[in-house]
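Here are some notes for a colleague who is opening this entry for the first time. They are set out as numbered points, to be read with the model in view.

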Protein chains: 2
Amino acid sequence: MSVITIERKVLEKNDQVAAENRELLRKHGIFAINVVSSPGAGKTSILERTLEHLKGRLPVAVIEGDVQTDIDARRVAKYNVPAVQIVTAGGCHLEANLVRDALGNIDLKGIRLLVIENVGNLVCPSNYDLGEALKVVVASTTEGDDKPLKYPAMFRNSSVLIINKIDLVPYVNCKLETLRKNALQINPALTVFETSCTTGAGIPAWCDWLEQKSNVGGTAHS
Amino acid sequence: MSVITIERKVLEKNDQVAAENRELLRKHGIFAINVVSSPGAGKTSILERTLEHLKGRLPVAVIEGDVQTDIDARRVAKYNVPAVQIVTAGGCHLEANLVRDALGNIDLKGIRLLVIENVGNLVCPSNYDLGEALKVVVASTTEGDDKPLKYPAMFRNSSVLIINKIDLVPYVNCKLETLRKNALQINPALTVFETSCTTGAGIPAWCDWLEQKSNVGGTAHS
């Protein structure tokens, strides 16, 4: 029982810092997304494609969360956007205070979109508000079409679903229709995109959506 | 600090129950493996192939861990082996007491191999001993070849690595050689298998290894 109490306190503290992050982002008119998925679903690849596509169109900053290594931040750095790497050193999710520290290291002036790439984990990050406008869950076709049913919290707490690696559908045991149906059964409000970072399919539609949301400004989403 | 203290207590308590599980399994001469991976790496598919291959050769029991649903236990039930589903209802890993409860629901007499399929999570389960002889980490080629570097604890705490979905290598950005090298850099003691549940490649070698270990008996691994 005591553990549950402590957990609640941790979450309450987290929510308070998340609210401060949200207010900071609102002041700067920044639209922030918290991107979550299992390891290897393609968060960083989608981010690379997105940065490529939005280059010259939208000023973006990136916060990379990883258990270990700065591999992802180095991948992102090539696109010349402000990027901060958070290494959780074993921690299974990002928390609002880590994002607050990262925000302190970014010049937010002029930024319109902040992408926070969470640790690859389809369970724990669902409980932690970071101050984002919304969560984007990435599901890869290679994981099969039953993941929304098996990890419902993440799909319930997200506003957008990106079904990635659609080019691999012919080779894997996954029906796009079933994956989409299972996700919408858990959360009918999901906005769904289908992408392939190999072929580039779906990236323009996703980026158009991002651009539109970002240009409305952070305030509409706080 | 108090959270850290509580965490340690939780882990100490878990280790104590894990030791009891290990003793119970030893008494019955059961070789137990704790199978971990990201969601969708293919744990259940490998298990299905394994049960198919070991049918009539080795008496197996299965404990299925999932955040939600009994989809996996139903997949396993077709193979007529004793199987118990643990639904963690949001919990991100199995703990020893859950496995103890599951073991209470299995007739252990005559069983030689126990497969515990953990929750799909490449972070949290690495900290929790369940009483197994060893951990088996499954990495899918579709996740890319950098996962051992990014999630080192799981690869460090495992004794066996199964590289799964090798049939998809031509279509994904993953070099088997690099994946293997990265894993062995983190943990040089890993025994590595390469499998495809689509073609069946590598399954016989993996099952031979399992059969050999199981026939040595649980005692050698406690």
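1. A residue at the surface makes a convenient start: Lys78(A) is exposed, with a relative accessible area of 57%. Please keep in mind throughout that this is a predicted model, and that the values below are computed from it.

2. Lys78(A) takes part in a salt bridge with Glu48(A), in which the closest N and O atoms are 3.8 Å apart. In contrast to the exposed lysine, Glu48(A) is buried, at a relative accessible area of 12%. Glu48(A) belongs to helix H2 (residues 43–54) of chain A, while Lys78(A) sits in the loop between helix H3 (71–77) and strand E3 (83–87) of chain A, so the pair ties together parts that are 30 residues apart in sequence. Arg75(A) joins Glu48(A) and Lys78(A) in a network of salt bridges.

3. Over all chains the structure holds 28 salt bridges, and two from chain B may be set beside the one just described. Glu52(B) and Arg49(B) are paired through their side chains at 3.9 Å, N to O, and both residues lie in helix H2 (residues 43–54) of chain B, three residues apart, about one turn of the helix. Each of these two counts as partly exposed, Glu52(B) at 45% relative accessibility and Arg49(B) at 25%. The salt bridge between Lys147(B) and Asp146(B) has an N to O distance of 2.7 Å, and here Lys147(B) is buried at 5% relative accessibility, as is Asp146(B) at 13%.

4. How are the two chains related? Chain B can be laid on chain A by a turn of 180° with a shift of 0.0 Å along the axis, leaving an RMSD of 0.0 Å, and that is the relation of a two-fold axis. Of the interface residues of chain B, 100% are also interface residues in chain A, so the copies meet through the same surface.

5. How many disulfides are there over all chains? The count comes to zero, although one pair of cysteines from the two chains deserves a careful look. The sulfur of Cys92(B) has its closest cysteine sulfur in Cys124(A), at 3.5 Å, which is too far for a bond because a disulfide requires sulfur atoms within 2.5 Å. Cys92(B) is buried, with a relative accessible area of 13%. Cys207(B) is likewise in no disulfide, the nearest cysteine sulfur being that of Cys197(B), 10.0 Å away, and Cys207(B) is buried at a relative accessible area of 0%.

6. The last point concerns the nonpolar interior. In soluble globular proteins, nonpolar side chains tend to be buried together. In this model the largest nonpolar core has 48 residues, and those with the most contacts inside it are Phe155(A), Leu161(A), Phe155(B) and Leu161(B). Strand E5 (134–140), helix H6 (152–156), strand E6 (160–164) and helix H7 (176–186) of chain A, together with the elements of those names and residue ranges in chain B, each give two or more residues to this core. Leaving aside residues up to four places away in sequence, Leu161(B) touches several residues of chain B, including Val137(B), Ala139(B), Phe155(B), Ala183(B) and Phe193(B). A second core, separate from this one, has 28 residues, among them Phe31(A), Ala41(A), Val81(A) and Trp209(A).

How values were computed: Residues are numbered from 1 along each chain as its sequence is written. Chains are lettered from A and ligands numbered from 1 in the order in which they are written. This is a predicted model: local features need pLDDT of at least 70, side-chain atom pairs count only at pLDDT 80 or more; totals for chains, interfaces and linings use all residues. Side-chain values use heavy atoms; hydrogens and water are left out. Copies are superposed by least squares on the C-alpha atoms of residues with pLDDT of at least 70 in both. Contact means heavy atoms within 4.5 Å. Buried means under 20% relative accessible area, exposed over 50%, partly exposed in between (1.4 Å probe, protein chains only). A salt bridge is a side-chain nitrogen of Lys or Arg within 4 Å of a carboxyl oxygen of Asp or Glu. Helices (H or I, at least four residues) and strands (E, at least two) are DSSP runs, numbered from the N terminus. A nonpolar core is a set of buried Ala, Val, Leu, Ile, Met, Phe, Trp, Tyr and Cys residues joined through side-chain atoms within 4.5 Å.
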